[in-house]
Structures are given as C-alpha cells and as structure tokens.
Amino acid sequence: TEHTRLTRDLYCPSSAPFALQVVGEGIVLDLGGHTVRRTGPENFESQGIALQNNSMVRNGTIQGFGRGIIVPYGSDATNVRLHKLALLDNTAGVYNQNFANFLITECRVSGNDIGLSSEFDASIGSFDVRSSVFSGNRIALFADYHDIDVLDSTFTSNGRAFFCWDGLIRFRSSTIAWNDTVGTIPNDGDGPRFCAEIR
C-alpha cells in the first residue's frame, strides 16, 4: 500500500497465491535491481507480482512463475506501467486476467512460454510496448480481445513473434528476425474471433 523498494532478492514458494501484491492506487514498486524468483515445483497458478490497482513495477527481474506480472480478476487496475523489468522463464511473462491497459517500456521478456498474454474469453485491454526485447519465448505476443502496439522493439529467436487470435497488432520501427515464424493469424473457424488488423 506504500511506495516500496526492495533491498534484496526474494525467493517465494510456488504454493503461495502471489509473491508480492500491490494494492494502493499509484504505488511504485521498485525492485531495486533485485530478483523475485519462484522456488519449489513449477506451478502454472503461481503469481509473481499481482497488481490490484493502477501502479508501476520497475527495475528488476521476475522469474519462474506461472504468471510473472498479473492483473487478477476483480482488480481495480486499468492502467499499469512496467519499466526496465526482466521477465524470465515464466509460463506467461505478463498476464491480464481482467480489464487493464499496460505500458511496457525498456523491458526484456525472455524464455517464457508466452511473453504477453491474457485470460481466455474473460479479459480485454491493451499492451503498449516500447523499446523492449523479446527473445526465446514460444510466443512473444498473444492477442485475444487485446490491441498491441509495438515501437522500437526487437523480436529474435522466438517460436512466434505474435499470435493474433482476436485484436489489432501494430509494429513500428522494430526488428523481427530469426524467429521460427513471424506470426500466425488463424482466421479459419466459425467462432466469434477475428484478427482485425496487422500493420
């Protein structure tokens, strides 16, 4: 509930509901260059940092969780800022489970199953990505009822740079190189989803 700066690494069990939770409006959680890391067995439901309100997380590493950064169900967070974070080896680096817009600047998203993702059929929002690097993810960006805008960012050695299930994706002044696939637009079913635009 107060501005907080870590002074050491945190090792957090995967059995807990979250490692850290930000509740207050406008709070800045500064990791101080430290790492918040999952211990114990791999757990898809584990959460690194849960954001319940409009806030910022910056300057550190979040590693090994089911969801590295999450806006959970029932959260009041509508605008979240992530700055100078390394999101490493999570099932999802950033996960929107509710209705939030993310501004992501100067982050490194690497080794995740999915870099940026959201709750299937239960969330809407946007990912505004600036000056960030995505590498070694199975899917870097997954759009499902989300708009994704990318500027001055780099995508290398991912399985897919993007998967547009439903939404809008725009890349500007960015590098997409040495990925298995640039992207997938699976508009081949009879359901409600439709990838509206890739630019």
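**Entry 1: disulfides.** I searched the whole structure, a predicted model, for disulfides and found one. A disulfide is a covalent bond between the sulfur atoms of two cysteines. Here the partners are C164 and C195, and I noted their sulfur atoms as 2.0 Å apart. That counts as a disulfide because the cut-off is within 2.5 Å.

**Entry 2: where the link sits.** I looked up the position of each partner in the chain. C164 lies in strand β18, which covers residues 160-172. C195 lies in strand β21, residues 195-198. The two cysteines are 31 residues apart, and I recorded the pair as linking distant parts of the chain.

**Entry 3: geometry.** I checked the handedness of the link of C164 and C195. The angle about the S-S bond is 95 degrees, and the link is right-handed.

**Entry 4: burial of the pair.** Are C164 and C195 buried or exposed? I put the limit for buried at under 20% relative accessible area. C164 has 0% relative accessibility, so I entered C164 as buried. C195 has 5%, so C195 also went down as buried.

**Entry 5: C12 and C107.** Why does C12 have no bond to C107? I looked up the closest cysteine sulfur to that of C12 and found it in C107, 19 Å away, which is too far for a bond. I then started from C107: the closest cysteine sulfur is in C12, at 19 Å, again too far.

**Entry 6: burial of C12 and C107.** I looked up accessibility here too. C12 has a relative accessible area of 10% and is buried. C107, at 3% relative accessibility, counts as buried.

Technical notes
Residues are numbered from 1 along each chain as its sequence is written. This is a predicted model: local features need pLDDT of at least 70, side-chain atom pairs count only at pLDDT 80 or more; totals for chains, interfaces and linings use all residues. Side-chain values use heavy atoms; hydrogens and water are left out. Helices (H or I, at least four residues) and strands (E, at least two) are DSSP runs, numbered from the N terminus. Buried means under 20% relative accessible area, exposed over 50%, partly exposed in between (1.4 Å probe, protein chains only).
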